[in-house]
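Ready for a few exercises at the bench or at your desk? Open the sequence and the structure side by side, and try each task before you read its solution.

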Amino acid sequence: MTRDIHAYLAEFDDIPGTRVYTAARARRGYHLNQFAMSLMKPANRDRWKAGERAYLDEWPISEEQKQAVLDRDYNRMLDLGGNIYFLSKIFSTDGIPFAEACSTMTDMTFPEYRQMMLDGGRSPEGNRSIKGGN
Amino acid sequence: MARITAGVGSSHVPLLGVAVDQGKTGDDYFDPIFAGYDWTRAWEKAEKPDVVVLVYNDHASAFDANIIPTFAIGCGERYKPADEGWGPRPVPDIEGHADLAWHIAQCLILDDFDMTIINEMDVDHGLTVPLSMMFGTPEKWPCKVVPLAVNVVTYPVPSGNRCWALGEAIKRAVESFPEDLNVQIWGTGGMSHQLQGPRAGLLNREWDNRFMDLLVGDTQDARAIPHIEYLRETGSEGIEMVMWLIMRGALGKTTRCLHRHYHIPCSNTAIGHLVLEPV
């Protein structure tokens, strides 16, 4: 087991196409995630749908986080500290299934992504390590 | 005395709950998944467990980003299915076993596991989907449940070794409870899946099956699998499989496999299911 926190965290950056939800991300994205969590309440969903920008402005989150939410740019939201389980409240409110939301973070369309899953999913081959190239 | 008679491993994909709730379990897409649980549903009817210690993770439902317990045990009398954004699942409330849960909590703390105690919470698909998979659609769940929620979202999550050791401590705790109870332990979540980023959709049939192999018999090799291996091989959400190790640890030195099932895909996820008994 890795006991050195620095070595432990450094390895996470070597995984292609992945943002591991570390303490640093949890800290940066705290209010972004709490905003997303607020959409679990029907009354909040109604207010959000009535005016997204005004609803976002009630939260102490950065302008770039707000813009990423308005753009539904999930990769950007992950970069800015969002966690997918919290962000799922946003696409659930939009009525978008999890798999479709996932597809928007890849270079595929939703039908292409769905077909990849039916064909056995994305292979780990070549997707394990940036440095290792495997 | 209470005793742990069996362990069950199972994925808890929310789409499976949707399939049950909308009567779609016989559809072409879902049938191969649910058919793999037929054996277990019949077996559970015969086994009639009194209590299930149900190890799962909360998906931003009961716990928000504010408080992040590594290991939390539900000591309440009753839990409601959570509204995860589209209304609560139409399944029965879950009855707790507060006496056993408080007993386990006290024993674990004396045994150096500093548990978070939860009196009231709603439980999300992580807990209700496995109940549906194992018991179908009864009017009332046929057993009581002790929810045990694990942080597998914010890193560092607990190590595989720590999870296994927690399972060992749960076994000791259950066996010191004076009432005669048939207790099962379920480890849920997984198998390989990644729900985020450009690598979303990663699945790893070979790794998942090797992992299931490691839960059968007397090997303890799975204790030492580091987080980075789960992340690289099974996707960012595959780390949920550490919760299966709590189940395995609670079954003692050696296990026998009674039933095993694996299917790809369910939404973004590989489905794995394992029924074990202590030898």
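Below are six exercises on chain B, each with a worked solution.

Before you start, note that this is a predicted model, in which local features need pLDDT of at least 70, side-chain atom pairs count only at pLDDT 80 or more, and totals for chains, interfaces and linings use all residues. Residues are numbered from 1 along each chain as its sequence is written, while chains are lettered from A and ligands numbered from 1 in the order in which they are written.

**Exercise 1. Describe the overall build of chain B.**

Step 1: Count the elements. Chain B has nine helices and eleven strands; these are DSSP runs numbered from the N terminus, with helices (H or I) of at least four residues and strands (E) of at least two.

Step 2: Check the dimensions. The C-alpha trace of chain B spans about 45 × 40 × 40 Å along its principal axes. A compact globule of 279 residues would have a radius of gyration near 19 Å, and the 17 Å of chain B agrees with that. The radius is taken over C-alpha atoms, and the globule rule is 2.2 Å times the number of residues to the power 0.38.

Step 3: Look at burial. In chain B, 56% of the 279 residues count as buried. A buried residue has 20 or more other C-beta atoms within 10 Å of its own, an exposed one 12 or fewer, and a partly exposed one a count in between, with C-beta atoms placed from the backbone.

**Exercise 2. Trace the open sheet of eight strands in chain B.**

Step 1: Write down the order. The strands run β6-β3-β8-β2-β9-β1-β11-β10, with mixed pairing; two strands pair if DSSP finds at least two bridges between them.

Step 2: Find the edges. β6 (116-118) and β10 of chain B each have a single partner strand, so one side of each is left without a neighbour in the sheet.

Step 3: Zoom in on one pair. β2(B) and β8(B) run parallel and are joined by six bridges. B:Y56 stands opposite B:A149 in β8(B).

**Exercise 3. Work out which strands pair with β4 (78-81) of chain B.**

Step 1: Take β5 (94-95) of chain B. Two bridges join β4(B) to β5(B), and the two run antiparallel. Here B:R78 has B:E95 as its bridge partner.

Step 2: Take β7 (122-123) of chain B. Two bridges join this strand to β4(B) as well, but here the pair runs parallel. B:K80 is partnered by B:D122.

**Exercise 4. Find the residues at the heart of the largest nonpolar core, and the helix that gives the most to it.**

Step 1: Fix the term. A nonpolar core is a set of buried Ala, Val, Leu, Ile, Met, Phe, Trp, Tyr and Cys residues joined through C-beta atoms within 7 Å.

Step 2: Pick the best-connected members. Among the 119 residues of this core, B:V53, B:L54, B:V55, B:I73, B:I104, B:V146 and B:M243 touch the most other members. The helix that gives the most is α6 (160-175) of chain B, with seven residues.

Step 3: Follow one member. Beyond its neighbours within four places in sequence, B:I104 is in contact (C-beta atoms, placed from the backbone, within 7 Å) with B:I73, B:V146, B:I170, B:A173 and B:V174.

**Exercise 5. Explain why helix α9 (242-249) of chain B is largely enclosed by the rest of the structure.**

Step 1: Check burial. Eight of the eight residues of α9(B) are buried, so the helix is largely enclosed.

Step 2: Identify what surrounds it. The buried residues of α9(B) pack against β1 (3-10), β2 (51-56), β8 (144-150), α6 and β9 (182-188) of chain B.

**Exercise 6. Locate the unusual backbone spots in chain B.**

Step 1: Recall the usual case. Most residues other than glycine have a negative phi, and most peptide bonds are trans.

Step 2: List the cis bonds. One joins B:Y155 and B:P156, with omega about -5°, and B:P156 lies in the loop between β8 and α6 of chain B. The bond from B:G190 to B:M191 is also cis, with omega near -5°.

Step 3: Add the positive phi values. B:K48, not a glycine, has a phi of about 45° and is exposed, with 9 other C-beta atoms within 10 Å. B:S267, not a glycine either, has a phi of about 55° and is partly exposed, with 19 other C-beta atoms within 10 Å.

How values were computed:
Two residues are in contact if their C-beta atoms, placed from the backbone, lie within 7 Å.
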